[in-house]
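Here is a friendly walk through a protein model, written for someone who thinks at the bench. Take a look at the structure first, and then read on.

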Amino acid sequence: MMTKQLSKICLLILIAILTNSVHAQVKPYGFDKITASDFSLTNIIDSTAEAVVIADVGNTRFDYGPTGFYLIFERKTRIRILKPEGTSHATIEIPLYKTTKDKETVDSFKGYTYNLENGEVVKTKVRKEDMFLEKVSENWDQEKIAMPSVRENSIIEYSYRVNSDFFFNLQPWYFQSDIPVQLSQYRVLIPEYFEYKKISHGYVPFLVNSVSRTNQKFIVHVQSAIAQQGVQSERSSARNDEYNPAATEYVWVTQNVPALKPEPYITTVKNYLSSIEFELAMIKMPGSAPQEIADNWETINTKLLENEDFGRIVKKGNFISDKLPDIEANASTELEKATAIFNYVQQRVKWNEDYGIYANTVPRKVFDDRTGSVADINLMMVALLKEAGLNAEPVILSTRSHGIVMEMFPILSKFNYVIGMVKIDTATYLLDATSRFVPFNTLPERCLNGSGRIISKNNAGWVRLLNSEIRNEYTNAAFTLAADGAYSGTCAISSAGLSGTDRRNSFKSKEQKDFIKEFNSSHSTWSIKDFTYKNLDTVNSPFSETYTIEASEGAQLAGDHMYLNVMAGLGMASNPFKLEKRTYPVDFSCPAKETILVRITLPEGWVVEELPKSAQITLPEKSASFKMSVVQSQGFIQVTSSLYIDKTMFIPEEYEQLKEFFRLIVAKNAEQIILKKV
């Protein structure tokens with residue numbers, strides 16, 4: 001089911017090889033001198049936005065230097081800041097790829113902020129102290145620039161160039177942002193020596209999508225040299241040779257692109273922004289045989305199996321041989337052995353928050369140091385499972401924040417995470433030992449992103465990442481209502497599955513008083529008098545929280561009537577879906593179940609005059625359902641609410657229906673119980 005859903009999403013977001021087409025001719029944006037008239041809202045497509053990209057123009061081309069061909073990427077951007085919160089768009093981030101031998105660099109950055117003061121345009125230049133280089137990962141840095149003197153109604157403009165020797169890293173381009181973009185243009189000129197796959201994402205149609213044939217001029221400097229001919233030698237003069245190979249020019253233009261606003265339940269908004277990206281497929285140098293660069297799944301599998309920091313790592317589990325009998329002491333089946341090894345690694349080694357698919361060090365050192373990256377920990381775990389004689393393999397994947405992996409595009413850089421898999425009889429178990437509070441055969445939410453690729457000599461292929469994961473939360477509240485409208489009692493919350501993982505992580509990451517304060521912030525009328533918890537470290541049991549509360553303003557008095565919220569302040573109070581239209585899917589990551597039981601003991605001398613009606617709401621094919629039951633008995637009212645989401649991904653065409661489903665739930669939770677004094 002999930003694979004079919006993802007396939008449908010792939011089609012909806014138009015992931016496709018671009019075809020040759022020309023839709024219109026657009027005059028290039030001139031970046032004319034900024035004058036006072038530019039601060040008018042007349043030409044702004046959306047004056048309600050926090051900021052608007054006036055123009056974003058990029059250009060990539062090849063050049064030739066002393067060490068051969070290299071890429072030049074140039075960009076110029078103008079942004080209008082419309083509201084104070086729009087100043088966040090005045091921090092510029094430029095990603096830069098690097099290796100131990102070479103790195104991309106930013107050349108000739110120029111940036112200015114323009115403000116209108118007393119009718120005059122005041123220009124402030126970016127200084128060196130406004131720029132700094134930040135390490136992102138082993139292979140990525142980013143240049144960050146804080147544009148100066150930015151405030152509401154500022155206009156910022158910047159331009160820069162990036163030189164790169166990495167042909168595979170031809171710059172992608174985003175035509176869409178979380179703010180409106182009035183004009184976006186990208187031009188790429190590729191000589192016949194290089195061939196790239198072009199992949200387009202998003203819903204926004206191109207105003208221009210053109211391909212044209214041309215020639216590109218290169219000047220190659222040939223140094224003087226001494227040629228030996230027998231006993232004679234002759235020095236040739238230095239010269240500049242001119243080459244004019246055929247080239248292909250691509251131009252893409254979009255205009256008046258609306259902002260793509262992220263809502264809850266999304267992997268990463270970058271999956272759905274309209275963009276173009278490139279994969280180097282082939283290098284065809286004159287006089288040499290064409291060199292295929294693009295991978296297929298078979299070559300990726302072979303590369304990883306032979307890699308010293310991946311495939312060969314999982315063969316280095318023999319260091320644990322003498323300790324395995326103790327680890328497996330209480331295990332009599334293969335499943336119990338796998339569980340024991342998983343628990344041992346999970347409790348022994350701490351994740352250092354580093355991602356990646358390649359190990360930084362050998363399993364023995366990870367074991368001794370008790371810390372490591374995702375790859376260090378999980379590849380070591382696979383090595384230990386193999387050493388124990390189990391059928392274990394590594395699985396690479398892309399986390400939710402990193403983006404969707406499309407099975408039709410074998411690109412290794414799309415993966416940023418590795419987990420373990422063990423097969424026992426006909427069952428497959430997926431394991432991630434980096435998360436202290438995730439049980440055996442349960443993946444943390446960051447991993448629930450479509451399918452993962454099994455790396456194996458004999459059993460390579462795809463595996464669905466969603467297995468037994470579920471969010472399950474049960475709340476049992478017992479309140480006694482007083483005649484003045486106040487109520488008191490207990491609220492017990494039991495969190496299982498990934499809900500339990502989240503609550504445990506939250507509890508561990510802060511002081512207990514801050515944990516309680518955070519809970520209390522969503523129940524502002526409550527005063528927490530006592531708090532207890534249990535099963536913090538017992539991950540196979542629900543994490544339990546019990547709050548003793550008092551609510552001085554629980555119900556509203558109006559003469560001889562009292563009005564009380566049917567859920568006593570529990571349950572969903574606002575609709576998470578607010579957009580009029582959503583152009584990307586709703587992804588709940590895993591099924592979810594929430595049950596709330598509220599028992600309210602009535603004060604003496606008060607009776608029920610009106611109760612909300614019980615209700616049931618169900619989406620087609622029972623993809624989601626909600627049920628509320630309201631009953632009264634002698635001296636108390638009991639409300640039972642249950643929400644179950646079975647389907648994890650809803651496509652944009654289903655958004656309106658899903659939004660209405662949650663609107664009805666919020667409305668039902670807001671209904672009132674009416675009591676009357678007798």
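Are Arg-582 and Glu-263 buried or exposed? Arg-582 is buried, and Glu-263 is buried as well; buried stands for under 20% relative accessible area, exposed for over 50%, and partly exposed for what lies in between (1.4 Å probe, protein chains only).

A word on the ground rules. This is a predicted model, in which local features need pLDDT of at least 70 and side-chain atom pairs count only at pLDDT 80 or more, while totals for chains, interfaces and linings use all residues. Residues are numbered from 1 along each chain as its sequence is written, and side-chain values use heavy atoms, with hydrogens and water left out.

**The overall picture**

The protein has 41 strands and 9 helices; these are DSSP runs numbered from the N terminus, with at least four residues for a helix (H or I) and at least two for a strand (E). Its C-alpha trace spans about 120 × 80 × 45 Å along the principal axes. Of the 678 residues, 50% are buried. The protein exposes about 33200 Å², and carbon and sulfur atoms supply 48% of that area, computed by the Shrake-Rupley method with a 1.4 Å probe. If we take the contacts (heavy atoms within 4.5 Å) between residues at least 6 apart in sequence, 73% join residues at least 24 apart.

**Two helices**

Helix H6 covers residues 374-387, and its 14 residues reach 20 Å from first C-alpha to last, close to the 20 Å expected at 1.5 Å a residue. That expected span is 1.5 Å times one less than the number of residues. H6 is mostly covered, with 12 of its 14 residues buried. Among them are Val-374, Asp-376, Asn-378 and Met-380. Just after H6 comes Gly-389, with a positive phi of about 85°.

Helix H7 (residues 497-508) has 12 residues and reaches 17 Å, close to the 16 Å expected. Its buried residues include Arg-503, Arg-504 and Phe-507. The buried residues of H7 pack against strands E28 (471-481), E29 (487-496), E30 (526-534) and E31 (543-551), and against helix H8 (512-521).

**Salt bridges**

The structure holds 32 salt bridges, each being a side-chain nitrogen of Lys or Arg within 4 Å of a carboxyl oxygen of Asp or Glu. Three of these pairs are listed here.

| Pair | N to O distance |
|---|---|
| Arg-187 and Glu-249 | 2.4 Å |
| Arg-582 and Glu-263 | 3.1 Å |
| Lys-303 and Asp-295 | 2.8 Å |

The pair of Arg-187 and Glu-249 links distant parts of the chain: Arg-187 sits in strand E11 (residues 181-191) and Glu-249 in strand E18 (residues 246-257), 62 residues apart. Arg-187 counts as partly exposed because its relative accessibility is 27%, whereas Glu-249 is buried at 18%.

The pair of Arg-582 and Glu-263 also links distant parts of the chain, with their positions 319 residues apart. Arg-582 lies in the loop between strands E33 (561-565) and E34 (586-587), and Glu-263 in the loop between E18 and strand E19 (275-283).

How exposed are the partners in the remaining pair of the table? Lys-303 is partly exposed, with a relative accessible area of 44%, while Asp-295 counts as buried because its relative accessibility is 16%. Elsewhere, Lys-76, Arg-78 and Glu-157 are linked in a network of salt bridges.
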